[in-house]
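Grab a pencil and have a look at the structure below. Then try each exercise yourself before you read the solution.

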Amino acid sequence: MSNHAGSPQPVVAITGGAQGIGRALAYAFAKRGYAVSIADPDKDAGFEVIREIRRFDGKGVYLAADVSREEDVERWMRVTLAELGGVHALINNAGIGRGGDPLELDVAEWDRVIGVNLRGTFLCSRAAGRIMKRQRRGAIVNIASTRALMSEPHTEAYAASKGGILALTHALAVSLGPHGVRVNAVSPGWIETRDWQYSARATEPVHSDRDRSQHPVGRVGKPEDIAEACLFLVSDETSGFLTGQNLVIDGGMTVKMIYEE
């Protein structure tokens, strides 16, 4: 999916692209020559990202959307096609969490998390996949989480949604493979996003030695770490033989045994 000279400009669609990991994704892809379409409910943050992309001569569009709503997703894909001409890569990044005792968790809160995280990933993959099928090429990256593989207390809805994303990833990889579409997942660990928010809300992160020591690489993750992985996964040159896989990016945190002192 590289943007070779003389080739049509590739287009990436990013959900939750206004803040956090999604904002880093939008900037990274724009700087690599992609036209960027982002869907996010936060209008102030969304338009700020597009202004910044255009400031360094990138091309981008923003649409306010709730990815759990089928009509919002379909409208976003129509706008992306009309404005940018195609969808060559999709990053399903939008996600929310609701904590709480599972014995007391309101079912509406459960449904909301599953709706945005899992249903939204399916709806966007379905809409973009139809376009990619016509193009006979495309790559989808689903942002899951290490919480799909391990948990803290009171994270049932979030963990279930992310586990579902991993299963959806390998199912879509098998179904869409014959149409030239690869589907993979990235599972971030601790990624610091406080400095990647809407500018009026961004704060400088501070980490302790204990925070850093939990990671074999010696630091907490950055959104740029996830952006680089996604760029790798959508490129046929670097990952053309890779589909249906989950790439854990956590600085080694999930493989380090930590004993309570």
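Here are three exercises on this predicted model, each with a worked solution.

**Exercise 1: the sheet**

Work out the order in which the strands of the open sheet sit side by side, and which of them are at the edges.

Solution. Start by lining up the strands: there are seven, and they run in the order β3-β2-β1-β4-β5-β6-β7. Next, check the pairing, which is parallel. Now look at the two ends of that order: β3 (60–63) and β7 (246–249) are the edge strands, since each pairs on one side only. Neighbouring strands are turned against each other by 15° on average, ignoring direction.

Let's zoom in on one pair. Strand β4 (residues 89–92) runs parallel to strand β5 (residues 138–143), and four bridges join them. Within this pairing, N92 stands opposite N142 in β5. Finally, add a helix: α5 packs on the sheet and touches β5, β6 (181–188) and β7. The direction of α5 makes about 160° with that of β6.

**Exercise 2: around D42**

Find where D42 sits and what its side chain reaches.

Solution. First, place the residue: D42 is in the loop between β2 (35–39) and α2 (43–55). Then follow its side chain. One partner is the backbone nitrogen of D44, at 3.3 Å. Another is the side chain of R201, with a polar contact of 2.6 Å. To finish, list the neighbours, skipping residues up to four places away in sequence: D42 touches A18, Q19, Y62 and R201.

**Exercise 3: the largest pocket**

Describe the largest pocket: how much space lies in it, and what lines it?

Solution. Begin with the volume, which is about 1,100 Å³. Then turn to the lining, made up of 40 residues; I21, S145, Y158, K162 and G189 lie nearest the centre. Which elements give two or more residues to this lining? They are α1 (20–31), α4 (107–135) and α5 (156–176). Of these, α1 gives the most, with three residues. Last, sort the lining by type: 17 residues are nonpolar, 15 are polar and eight are charged.

Note on methods: Residues are numbered from 1 along each chain as its sequence is written. This is a predicted model: local features need pLDDT of at least 70, side-chain atom pairs count only at pLDDT 80 or more; totals for chains, interfaces and linings use all residues. Side-chain values use heavy atoms; hydrogens and water are left out. On a 1 Å grid over the protein atoms alone, a cavity is a set of points where a 1.4 Å probe fits but cannot get out, and a pocket is an open set with protein on both sides within 12 Å along at least five of seven lines; lining residues have an atom within 4 Å of a point. Grid points are joined across faces, edges and corners, and a volume is the space filled by probe spheres set on the points. Ala, Val, Leu, Ile, Met, Phe, Trp, Tyr, Cys and Pro count as nonpolar, Asp, Glu, Lys and Arg as charged, and the others, Gly among them, as polar. A polar contact is a pair of N or O atoms within 3.5 Å; within protein, one must be able to donate a hydrogen and the other to accept it, and residues adjacent in sequence count only if both atoms are side-chain atoms. Contact means heavy atoms within 4.5 Å. Two strands pair if DSSP finds at least two bridges between them. Axes are lines fitted to C-alpha atoms, for helices over the stretch in contact, and angles run from 0 to 180 degrees between N-to-C directions.
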